[in-house]
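Please open the model in a viewer and keep the sequence panel visible. The tour below moves from one selection to the next and states what is found at each stop.

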Amino acid sequence: MTDLQPLVIVNNLVKHFPVMRGILIQRQVGTVRAVDGISFFIAPSETLGLVGESGCGKTTAGRTLLGLYPPTDGQITIDGHNLRKAHGPTMMAIRRKAQIIFQDPYASLNPRWTISAIIGEPLRVHHLISSEAERTDRVRELLRLVGLSPSHLNRFPHEFSGGQRQRIGVARALASDPKFIVCDEPISALDVSIQAQVVNLLEDLQDRLGLTYLFIAHDLSMVRHICDRVAVMYLGVIVELAARDELYEHPLHPYTKALLSAVPIPDPKKDRARRRTILAGDVPSPLNPPPGCRFHPRCPIAVEKCHQDVPEWREVISGHWVACHLV
Ligand code: SF4
């Protein structure tokens, strides 16, 4: 826990999607419980990692947090503003302060727009420039900031490599001078050789601009490199949250242990010597999550109680939270 007032506070956030069927008359036949009551805070200039397998709800959580999906329930506070009560100018102020870098640098840039138009759009939307010349100057500055040449101004996205496109996505996110950025798996679509460059860029920008990140990922080795604290998500809920080294060295939840046991270790001797936990089966559907502990159908140490009772979210050591009956 830090002495600073958190920049982002999420309290019991819920995001459900109705499943509709029918051609002429649509009726709801189910509910996808993508995010089902998650809570955390992020301090200024901190990076919180949000990790878990595909479909666990981490991307939905990140987007709901920014108001891209309306929350079903819960509170979100960003820089002192309650997102659920924000309208008009307050909502615009939050949107300016909170931005997103998308996973896919190929799909997230409009192929018909020049780089100048793409990066300049937030400047126009938030009325941050008063002339065309000012916009061009600011776009040039942003391109330099992300390590691209200002001469690329009038090129189109297809003329760039994946890593360069992601840098353009970063420049667009920075255009409105945000305090908080949701990095939604920003490196998972990139070649391994490029991933470290983009992570280094994000770290460098954080140091220079004092940015706060929610870093969504499924690659636990990269998360260890960039994050201060890490939250582990499983089927719509957070099952463990702790400071980075505490989580990697003393994981408590069986799911976190299983995820960490699959992370490669550079030393082949140590890698061979350690015990791997192979999880049986796939993540169950968020349409019909298991009762009790959601992890119980795959948990290697589940007991009877796990089948019925939802484990309490408890702080077991200062700053180390976990939801498991047996911890
Ligand atoms: Fe496993 Fe039970 Fe703990 Fe869930 S509560 S992680 S099923 S031991």
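**The eight-stranded sheet**

Begin with the open sheet of eight strands, whose order is 6-7-8-3-9-10-12-11 and whose pairing is mixed. Strands are DSSP runs of E with at least two residues, helices are runs of H or I with at least four residues, and both are numbered from the N terminus; two strands pair if DSSP finds at least two bridges between them. Strand 6 and strand 11 (314-317) are the edges of this sheet: each has a single partner strand, so one side of each lacks a neighbour in the sheet. From one strand to the next, the twist averages 20°.

This is a predicted model, in which local features need pLDDT of at least 70 and side-chain atom pairs count only at pLDDT 80 or more, while totals for chains, interfaces and linings use all residues. Residues are numbered from 1 along each chain as its sequence is written, and side-chain values use heavy atoms, with hydrogens and water left out.

Next, select strand 3 (residues 47-51) and strand 8 (residues 212-217), which run parallel and are joined by five bridges. Within this pair, Leu 50 has Ile 216 of strand 8 as its bridge partner.

Now add helix 2 (residues 88-97), which lies across strand 6 and strand 7 (180-184) and runs at about 45° to strand 6. Axes are lines fitted to C-alpha atoms, for helices over the stretch in contact, and angles run from 0 to 180 degrees between N-to-C directions. Helix 5 (residues 162-174) also packs on the sheet, touching strand 6 and strand 7, and its direction makes about 175° with that of strand 6. Contact here means heavy atoms within 4.5 Å.

**The loop after strand 6**

Select Gln 103, in the loop between strand 6 (98-101) and helix 3 (115-125). What does Gln 103 touch, not counting residues up to four places away in sequence? Its contacts are Gln 166, Asp 184, Glu 185, Pro 186, Ser 188 and Ala 189. Gln 103 is partly exposed because its relative accessible area is 34%; the classes are buried under 20%, exposed over 50% and partly exposed in between, with a 1.4 Å probe and protein chains only. Leu 190 is 87 residues from Gln 103 in sequence, yet their C-alpha atoms are 9.2 Å apart in space.

**The four-stranded sheet**

Move to the open sheet of four strands, ordered 2-1-4-5 with antiparallel pairing. Strand 2 and strand 5 (81-82) are its edge strands, each pairing on one side only. Helix 1 (residues 58-65) packs on this sheet, where it touches strand 1, strand 2 and strand 4; its direction makes about 110° with that of strand 1.

Strand 4 (residues 73-78) pairs with strand 5 over two bridges in the antiparallel sense, and Thr 77 stands opposite Asn 82 in strand 5. Asn 82 counts as partly exposed, at 26% relative accessibility.

Keep helix 1 selected: is this helix mostly covered or uncovered? Helix 1 is mostly covered, with six of its eight residues buried; among them are Ala 61, Gly 62 and Leu 65. Gly 67 follows helix 1 and has a positive phi, near 80°.

Then go to Ile 25, in the loop between strand 1 (8-21) and strand 2 (27-42). Ile 25 is exposed, at 70% relative accessible area.

**Salt bridges**

The structure holds 17 salt bridges, each being a side-chain nitrogen of Lys or Arg within 4 Å of a carboxyl oxygen of Asp or Glu. Select Arg 294 and Asp 36, whose closest N and O atoms are 2.4 Å apart in a salt bridge. This pair links distant parts of the chain, 258 residues apart: Arg 294 is in the loop between helix 10 (268-273) and helix 11 (304-308), and Asp 36 is in strand 2. Arg 294 is buried at 14% relative accessibility, and Asp 36 is buried at 15%.

For a pair within one helix, select Arg 138 and Glu 141, which form a salt bridge with closest N and O atoms 3.0 Å apart. Both lie in helix 4 (residues 132-145), three residues apart, about one turn of the helix.

End at the salt-bridge network that links Arg 224, Arg 244, Asp 245 and Glu 249. Within this network, the side chains of Asp 245 and Arg 244 meet at 3.4 Å, N to O.
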